[in-house]
Amino acid sequence: MDIIFDNIGLYRDGFITTLQICLYAAVGSLLLGTVIATFRVSPLPPLRAAGTAWVTVFRNCPLTIVLFFCAFGLPELGIKGAYFWFGITGLVLYTSAFVCEAVRSGINAVAPGQAEAARAVGLTFTQSLRDVVLPQALRSVVPPLGSVIIAMVKNSAIVGAFGVGGDLFSVQARLTSAQGLSLIPVLLGVALGYLIITIPAGLALGVIERRVAVMR
Amino acid sequence: MRWKAVLRVGVAMAAFAVATTACGQQQGLGSSSSTPSVAQGVHFEPGTTMAKLAEAHTIRIGTKFDQPLFGQQILSGNLTGFDTEVARIIAGALGIPPDKVQWVESPSAQREELIKQGRVDLVVATYTINDKRRQQVSFAGPYYLAGQSLMVKSDNTAITGPDSLRGARAKVCSVQGSTPAENIRKYIDPAQLTLFDVYSKCADALRTGQVDVVTTDNVVLLGFVSNSNGAYKLVGDTFTKEPYGIGIRKGDVAFCTFINDTLTQAAKSGAYANAWKTTAGKVAEQTPQLPTFDSCS
């Protein structure tokens with residue numbers, strides 16, 4: 001425990017960096033994933049194909065490789081930027097594929113009569129999706145989306161190996177290798193930091209789920 | 001008939017090609033000309049690490065796999081570098097030939113754990129001796145004195161030394177959990193520092209302009225400079241002292257003493273200088289003297 005308290009400042013900084021990465025990446029992947037999901041159910045074949053291709057590529061590539069392309073591939077193409085944002089980009093690309101599939105399953109779960117009724121009263125495809133189908137779909141997929149986001153928080157530990165530095169997981173390297181502290185207590189502190197993010201996130205999702213639940 | 005002749009010539013040439021490549025490979029596998037001498041019929045006091053290793057006739061040595069001039073895996077799978085040569089000298093003194101050495105990749109952040117968990121018998125991996133590390137492992141040597149330096153692109157004139165980094169708002173790259181990464185924090189703001197798990201990623205980031213400076217020990221940087229065809233250069237003098245030691249299990253005084261004696265003998269016989277000249281010496285002009293050892297404890 002002493003090791004954690006003696007280096008609490010380092011842990012705090014790492015925690016804040018990881019929290020920032022997770023917040024940006026969660027917002028980004030939820031938005032992007034929902035957009036891709038609407039592509040996948042769109043009546044336009046090119047959009048459907050694009051959505052399917054997106055999911056196929058990013059759901060099936062290891063996260064490490066996606067991050068590699070972001071951190072080393074983008075600069076190769078002349079795109080300069082902070083590794084912090086490259087890391088978030090990688091996380092968003094990867095996680096959005098899983099968000100998309102969760103949202104799409106929610107869309108498919110909405111009774112077809114809802115969309116048909118929306119069309120019958122004269123709403124366009126966009127309107128019926130935005131105002132009728134998606135609100136019901138998103139309510140029903142809070143639990144799987146929660147799992148996806150919690151998995152993303154844990155995946156964010158990999159970002160530290162791609163130049164971000166100073167995230168919660170890389171605190172480990174500074175304390176053990178550079179300062180020579182032993183590994184297990186240091187890693188316990190790191191694990192604690194992630195739990196502080198993921199457990200409340202899980203609890204909050206439970207609350208949200210109850211709040212938005214629809215009676216069927 | 002003519003086709004048959006052509007075919008025959010073709011087959012003969014193919015056979016010749018196969019034969020010559022096979023020869024080439026064999027020579028490659030036979031490893032470098034600087035093969036250190038392997039002690040014959042060595043005897044050690046029973047129960048010591050040396051006796052155990054000599055008995056097993058094999059040794060697991062941790063080293064870097066991506067550190068030019070010190071420990072680098074080349075295409076044939078062999079390792080070359082000053083560290084691996086020093087390691088082969090020690091193995092040889094135990095009566096273990098180079099082909100019985102099992103190499104274990106040891107990135108900076110994993111070295112203590114590899115030793116503590118007994119997954120390697122010793123670590124020769126540009127491993128700076130310091131007090132924090134001494135709490136977890138013991139060090140033989142040092143066998144080389146390095147110092148931290150800065151590497152920039154050759155056309156960079158803004159950076160002249162560590163004190164110019166803050167003013168130039170330079171992005172500096174180093175490796176997570178390494179001593180150089182901690183040392184450089186004194187000279188820059190946290191936001192200027194980029195950390196990867198290996199130096200080869202830093203070199204790539206320097207090439208694409210994502211960072212302006214790579215910092216670590218001078219000899220490590222020299223390896224990248226030598227591979228860059230003049231694209232990179234070192235700036236300023238070394239600003240730290242990094243004694244490279246050989247990491248072993250904590251408290252193994254007998255093994256430490258043995259390694260130090262082996263190094264002393266290698267310095268006398270010229271094997272030490274030879275190990276340098278065939279590796280790092282290709283880039284650095286001066287052949288180093290074996291430094292004075294720390295006491296084994």
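This report covers the chains, interface, pocket, cavity and selected local features of a predicted two-chain model.

## The two chains

Chain A has 216 residues, and 45% of them count as buried. Its secondary structure consists of 10 helices and 1 strand. The order along the sequence is α-α-α-α-α-α-α-α-β-α-α. Among contacts in chain A between residues at least 6 apart in sequence, 76% link residues at least 24 apart. Chain A has an accessible surface of about 10,700 Å². Carbon and sulfur atoms make up 69% of that surface.

Chain B has 297 residues, with 50% of them buried. It holds 10 helices and 13 strands. For contacts in chain B with a separation of 6 or more, 70% are between residues 24 or more positions apart. The exposed surface of chain B is about 14,200 Å². Carbon and sulfur atoms supply 54% of it.

## The interface

Contacts between the chains involve 26 residues of chain A and 26 residues of chain B. Together the two chains bury about 2,100 Å². Of this buried area, 49% is on carbon and sulfur atoms. On the chain A side, A:F72, A:R174 and A:S177 lose the most area to chain B. These three residues account for 26% of what that side buries.

## The largest pocket

The largest pocket has a volume of about 620 Å³. Its lining has 24 residues. Nearest the centre are A:V164 and A:G165 from chain A, with B:P190, B:A191 and B:L193 from chain B. Both chains therefore have residues within 4 Å of a point of this pocket.

Which elements supply at least two lining residues each? In chain A they are α2 (8-40), α5 (83-109) and α9 (168-178). In chain B the element is β10 (193-196). α2(A) gives the most, with 5 residues. By class, the pocket lining has 10 nonpolar, 10 polar and 4 charged residues.

## The largest cavity

The whole structure contains 2 cavities of 30 Å³ or more. The largest cavity holds about 80 Å³ of space. It is lined by 15 residues. B:R111, B:T126, B:P180, B:Y199 and B:D217 lie nearest its centre. Two elements of chain B, α6 (179-184) and β11 (213-217), each give two or more residues to this lining. The cavity lining divides into 4 nonpolar, 7 polar and 4 charged residues.

## Helix α8 of chain B and the loop after it

Is helix α8 of chain B largely enclosed or open? The helix spans residues 218-227, and 7 of its 10 residues are buried, so it is largely enclosed by the rest of the structure. The buried residues are B:N218, B:V219, B:V220, B:L221, B:G223, B:F224 and B:V225.

B:N229 comes just after α8(B). It sits in the loop between α8 and β12 (232-235) of chain B. With a relative accessible area of 77%, over the 50% cut-off, B:N229 is exposed. Its phi is near 55 degrees, a positive value in a residue other than glycine. Most residues other than glycine have a negative phi.

## Other local features of chain B

B:H57 also has a positive phi, near 60 degrees. This residue lies in the loop between α2 (49-56) and β1 (59-63) of chain B. B:H57 has 32% relative accessibility, so it counts as partly exposed.

A cis peptide bond joins B:G141 and B:P142, with omega about 10 degrees. B:P142 belongs to strand β7 (residues 137-146) of chain B. Most peptide bonds are trans.

B:A275 lies in helix α10 (residues 271-277) of chain B. Its relative accessibility is 3%, under the 20% cut-off, so B:A275 counts as buried. What does B:A275 contact beyond its neighbours within four places in sequence? The partners are B:F82, B:E85 and B:I89. The C-alpha atoms of B:A275 and B:G81 are separated by 8.2 Å, although the two residues are 194 residues apart along the chain.

Methods. Residues are numbered from 1 along each chain as its sequence is written. Chains are lettered from A and ligands numbered from 1 in the order in which they are written. This is a predicted model: local features need pLDDT of at least 70, side-chain atom pairs count only at pLDDT 80 or more; totals for chains, interfaces and linings use all residues. Side-chain values use heavy atoms; hydrogens and water are left out. On a 1 Å grid over the protein atoms alone, a cavity is a set of points where a 1.4 Å probe fits but cannot get out, and a pocket is an open set with protein on both sides within 12 Å along at least five of seven lines; lining residues have an atom within 4 Å of a point. Grid points are joined across faces, edges and corners, and a volume is the space filled by probe spheres set on the points. Helices (H or I, at least four residues) and strands (E, at least two) are DSSP runs, numbered from the N terminus. Ala, Val, Leu, Ile, Met, Phe, Trp, Tyr, Cys and Pro count as nonpolar, Asp, Glu, Lys and Arg as charged, and the others, Gly among them, as polar. Buried means under 20% relative accessible area, exposed over 50%, partly exposed in between (1.4 Å probe, protein chains only). Contact means heavy atoms within 4.5 Å. Accessible areas come from the Shrake-Rupley method with a 1.4 Å probe; for residues, only the protein chains shown count as cover. Buried area is the accessible area (1.4 Å probe) that two parts lose on being put together, summed over both.
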